[in-house]
Amino acid sequence: MDKGKRMNLGKMKPGQQGQIIRLCYIDTGFLHKLMALGVVPGERVVLLQTFPTFVVRIGYTQIAMDRLLAESVEVDIGG
Amino acid sequence: MVTVNYDTVLEDAVTVITGLLTCDYKLSRRAMALLLLQGDQEATLMVRNIEPACECIMAGVNSTQQKFEQPLGYVIMMYRQQTANYILEQVTTMRQRSDDWAGYLSYLTMWPVTGIPILLLVLYVGMYKFVGQLGAGIVVEYLEQVTFGSYINPYVNDVLESCLPWEALRLLLGGDYGIITLGFRYAIAIVLPVVGTFFIAFSLLEDSGYLPRLAMMVDSIFKVIGLNGRAVIPITLGFGCGTMATMVTRTLETWRERLIATFLLALAIPCSAQLGLMMGMLSAKPVAMTIWVMIISGTFMFSGFLAARLIPGQRPVFYMELPPLRIPNITNVIIKSYTRMRWYFWEILPLFVAASVLIWLGKMTGGFDWLMRTLIPLTTALGLPGEATKIFIFGFFRRDYGAAGLYDLIETGGLTTAQLLVTATVLTLFVPCIAQFAVMTKERGWGIALCIAALIFPFAFAVGYVLHCSLTVMHMLL
């Protein structure tokens, strides 16, 4: 597979989208909860806003998360 | 049935562990093996307790983990997700949803420029107008003055006068502090309308899907006080009933957040009964009201800020699903508000009755007078009349009970505005009511509950004292 540009969600701009590659957060408890909300590698993610918190859309679900978690989500934003 | 196929390393581990399991778990052994590999605490504990080969099993789990860079729970979840996606592709078609009005409104509630005014509007209409003015104002006034003041209380007292020859028994049921004339009156006429309107407002917000949006708007502020946006639910609920809110703190993620939220609820969040009465009494004096709001919110932020720095533990993390906004379902709202009101009413009524009985006992035995005399120097130091001591003593039985006592004192014209401000401030910060304290001991343990009370009691009086002194120095005639 052709690997595009990678960055974490915390560095993306509102409106940008991509595919989740991996979750880097060390605490497995939070990892499980994020995955239960559908934040899993392989899913397409759209960043909707970054302030006051990060809001992303994955499938039909909108999820709010703070910067710490957003920075733990690594995304392939293509070319 | 769908079976998820994992890679050979995982499948081999599952086969080995399945072969070692001997007991009956109600789950299939494969499911049990997968739970063990994922590090599920309950499954691990169970196996450690009953399996003869538990050492071998745990060694198998650990050696499998060594072969992967990521935690096994994560790896297993990935395979499951792949299978779920595969099934989804076979049976569904995705259509791009066009943004309807709800989507647009949802955007407005989350964009800070419009989101913050909407938040303030929700609080103003929901809390101030609906709960404060309608519940605590109009409804309370009617029930209190007309229903109880003109009908029930005089009737009860007349009946008691003609039927009960014993003075002591008459005072237990009627008179100034009787079970019916005081206990029932406070519970039904003062507390119920305020708490009732609050529950209706809260259920409406809950059902509309607005609460998670509220949580995300305030997350960065809550981070300052060591909490995350999720805590907005127990904290907002605290404006309704601190007892219920303290129970709800168990939805918070970490021990540290639960402790901070419990502490702030006990110290700086006035419950709806108090809030309604305070608003009612102070709204005629805008300067006093502003000072009161500033002191309480200042205390909230300051003590939260300190707690966040002093209490060790993990930094709070915020994540929440934002459900679509929808028009609240009226049946849901009615059922939820009714259930909460019923639960609340049956929880408080016995306490109000008990408080009436305790006050009656105290009056009969002289214990109450003794307690009042002992505490009078404290109230005098705050520049308050001796009468106010009664309010603080009541306040311990029930915060709203104390506030209602304050209401009585105002009605009879016993306090100046400065005194009112000091009393309102101390009473708001003061120890939580006895029910909230009981829940604190249950949720956080006796040690922590007592520590919190020991911290709050002197703090509330210290703030009152400083306020009294500064008002005197400034010769402020509010």
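**Notebook: two chains, looked up one at a time**

I started with chain A and read its elements from the N terminus: they run β-β-α-β-β-β-α-β. This is a predicted model, so I keep that in mind for every entry below.

*Chain A, make-up.* I tallied the secondary structure and got 2 helices and 6 strands. Next I looked at burial: chain A has 79 residues, and 51% of them count as buried.

*Chain A, contacts.* I wanted to know what share of the contacts with a separation of 6 or more comes from residues 24 or more positions apart. For chain A that share is 64%.

*Chain A, surface.* I noted an exposed area of about 3,700 Å². Carbon and sulfur atoms supply 52% of that area.

*Chain B, make-up.* I moved on to chain B and found 22 helices and 1 strand. I also took the box around its C-alpha atoms along the principal axes, which came to roughly 85 × 55 × 50 Å.

*Chain B, burial and contacts.* Of the 478 residues in chain B, 49% are buried. I then repeated the contact check: with a separation of 6 or more, 75% of the contacts in chain B are between residues 24 or more positions apart.

*Chain B, surface.* The accessible surface I wrote down is about 23,000 Å². Carbon and sulfur atoms account for 67% of this surface in chain B.

*Chain B, charges.* How far apart are the mean positions of the positive and negative charges of chain B? I counted 31 positive and 31 negative charges there, and their mean positions lie 2 Å apart.

Terms used:
Residues are numbered from 1 along each chain as its sequence is written. Chains are lettered from A and ligands numbered from 1 in the order in which they are written. This is a predicted model: local features need pLDDT of at least 70, side-chain atom pairs count only at pLDDT 80 or more; totals for chains, interfaces and linings use all residues. Side-chain values use heavy atoms; hydrogens and water are left out. Helices (H or I, at least four residues) and strands (E, at least two) are DSSP runs, numbered from the N terminus. Buried means under 20% relative accessible area, exposed over 50%, partly exposed in between (1.4 Å probe, protein chains only). Contact means heavy atoms within 4.5 Å. Accessible areas come from the Shrake-Rupley method with a 1.4 Å probe; for residues, only the protein chains shown count as cover. Lys and Arg count as positive and Asp and Glu as negative; His and the chain ends are not counted. The place of a charge is taken as NZ of Lys, CZ of Arg, CG of Asp or CD of Glu.
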